[in-house]
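Here is a short walk through one protein model. Keep the structure in view and follow each stop in turn.

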Amino acid sequence: MKQLENKTVNRETWLQQANQLLEQRVFVPAGLNIPKDVNLSVGFPLGSRAGCKNETVGVCHPRSHSTAGVNEIFISPTRDDGLEILGTLVHEDIHAIDDCADGHGSKFRSMALACGLTGQMRSTTNSPELETILQQIILELGQYPHSQVKASKPKQSAR
């Protein structure tokens, strides 16, 4: 596969390009379509507790949360591994497909399994088949153009 020219690509552009490839290679074969107007950004998800054991690595906000009327997906800046980022993006795209209506319920589970996500639905992992597709996407796009932000949980002061 030919690597795309992306010497000046920032992380949000990389995410957008990745989402287009995910649409073609993961979602359409599973009979699903990512909404075309999803906004992708890197930032601390609301309610995220950086540095905690159960840190939130991605979040999708429903259209009702955005004055633009679109789904807003945020990927945590504490992560810089392309495979993890793409797996998180698949997870959050599934939320965007149903506008966050099902949470991690049966509809979400059905879509997640069809796309190659496994494990607990609140914190999915990539199946080996999905991982192969994600590795191909990284070969084409190049490495995720982001350096990890090391955020630590502030120590609790005495009460």
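A polar contact is a pair of N or O atoms within 3.5 Å, and within protein one must be able to donate a hydrogen and the other to accept it. Asparagine 10 gives an example, in a model that is predicted. A side-chain oxygen of asparagine 10 lies 3.1 Å from the backbone nitrogen of glutamate 12. In this way asparagine 10 caps the N-terminal end of helix 1.

Now follow helix 1 itself. This helix covers residues 11–27. At leucine 21 helix 1 bends by about 30°. Many of its residues are hidden from the surface. Trp14, Leu15, Ala18, Asn19, Leu21, Leu22, Glu23, Val26 and Phe27 are buried. An α-helix has 3.6 residues a turn, so residues three or four places apart point the same way. What covers the buried residues of helix 1? The cover includes two strands, strand 1 (39–42) and strand 3 (72–75). It also includes helix 2 (82–97), helix 3 (106–115) and helix 4 (128–141).

Next comes the core. In soluble globular proteins, nonpolar side chains tend to be buried together. Here the largest nonpolar core has 35 residues. Trp14, Leu15, Leu22, Phe27, Ile73, Leu86 and Ile94 have the most contacts inside it. Helix 1, strand 1, strand 3, helix 2, helix 3 and helix 4 each supply at least two residues of this core. Leucine 86 shows how such contacts look in detail. Leaving aside neighbours within four places in sequence, leucine 86 is in contact with Trp14, Ala18 and Leu22. Leucine 86 is also in contact with Leu134, Ile137 and Ile138.

Move on to cysteine 115, in helix 3. Cysteine 115 is buried, with a relative accessible area of 5%. Residues up to four places away in sequence aside, cysteine 115 touches Val26, Phe27, Ala30, Leu32, Val90, Ile94 and Leu130. Take leucine 130 from that list. Cysteine 115 and leucine 130 are 15 residues apart in sequence, and their C-alpha atoms are 7.4 Å apart in space.

How many disulfides does the structure hold? It holds zero. Cysteine 60 shows why a close pair can still miss the mark. The closest cysteine sulfur to that of cysteine 60 is in cysteine 100, at 3.7 Å, which is too far for a bond. A disulfide needs the two sulfur atoms within 2.5 Å. Cysteine 60 is itself buried, at 9% relative accessible area.

Cysteine 60 also leads to glutamate 92, in helix 2. A polar atom of the glutamate 92 side chain lies 3.1 Å from the backbone nitrogen of cysteine 60. Is glutamate 92 buried or exposed? Glutamate 92 counts as buried, at 6% relative accessibility. Beyond its neighbours within four places in sequence, glutamate 92 is in contact with Gly58, Val59, Cys60 and Ile73. Asparagine 71 is 21 residues from glutamate 92 along the chain, and 9.8 Å separates their C-alpha atoms.

Serine 76 is the next stop, in the loop between strand 3 and helix 2. Serine 76 has 0% relative accessibility and counts as buried. Its side chain joins that of threonine 78 in a polar contact of 2.8 Å. Not counting residues up to four places away in sequence, serine 76 touches Val42, Gly43, Phe44, Pro45, Glu55, Thr56 and Val57.

Finish with the charged pairs. Side chains of opposite charge can pair when their charged atoms come close. The structure holds five salt bridges. One of them links lysine 36 and glutamate 23, with the closest N and O atoms 3.6 Å apart. Lysine 36 lies in the loop between helix 1 and strand 1 and glutamate 23 in helix 1, so the pair ties together parts 13 residues apart in sequence. Lysine 36 is exposed, at 73% relative accessibility. Glutamate 23 is buried, at 10%.

Another salt bridge joins arginine 63 and aspartate 37, with the closest N and O atoms 2.7 Å apart. Arginine 63 lies in the loop between strand 2 (58–61) and strand 3, and aspartate 37 in the loop between helix 1 and strand 1, so the pair ties together parts 26 residues apart in sequence. Arginine 63 is partly exposed, at 25% relative accessibility. Aspartate 37 is partly exposed too, at 32%.

Methods: Residues are numbered from 1 along each chain as its sequence is written. This is a predicted model: local features need pLDDT of at least 70, side-chain atom pairs count only at pLDDT 80 or more; totals for chains, interfaces and linings use all residues. Side-chain values use heavy atoms; hydrogens and water are left out. The bend at a residue is the angle between axes fitted to the seven residues ending there and the seven starting there. Helices (H or I, at least four residues) and strands (E, at least two) are DSSP runs, numbered from the N terminus. Buried means under 20% relative accessible area, exposed over 50%, partly exposed in between (1.4 Å probe, protein chains only). Contact means heavy atoms within 4.5 Å. A nonpolar core is a set of buried Ala, Val, Leu, Ile, Met, Phe, Trp, Tyr and Cys residues joined through side-chain atoms within 4.5 Å. A salt bridge is a side-chain nitrogen of Lys or Arg within 4 Å of a carboxyl oxygen of Asp or Glu.
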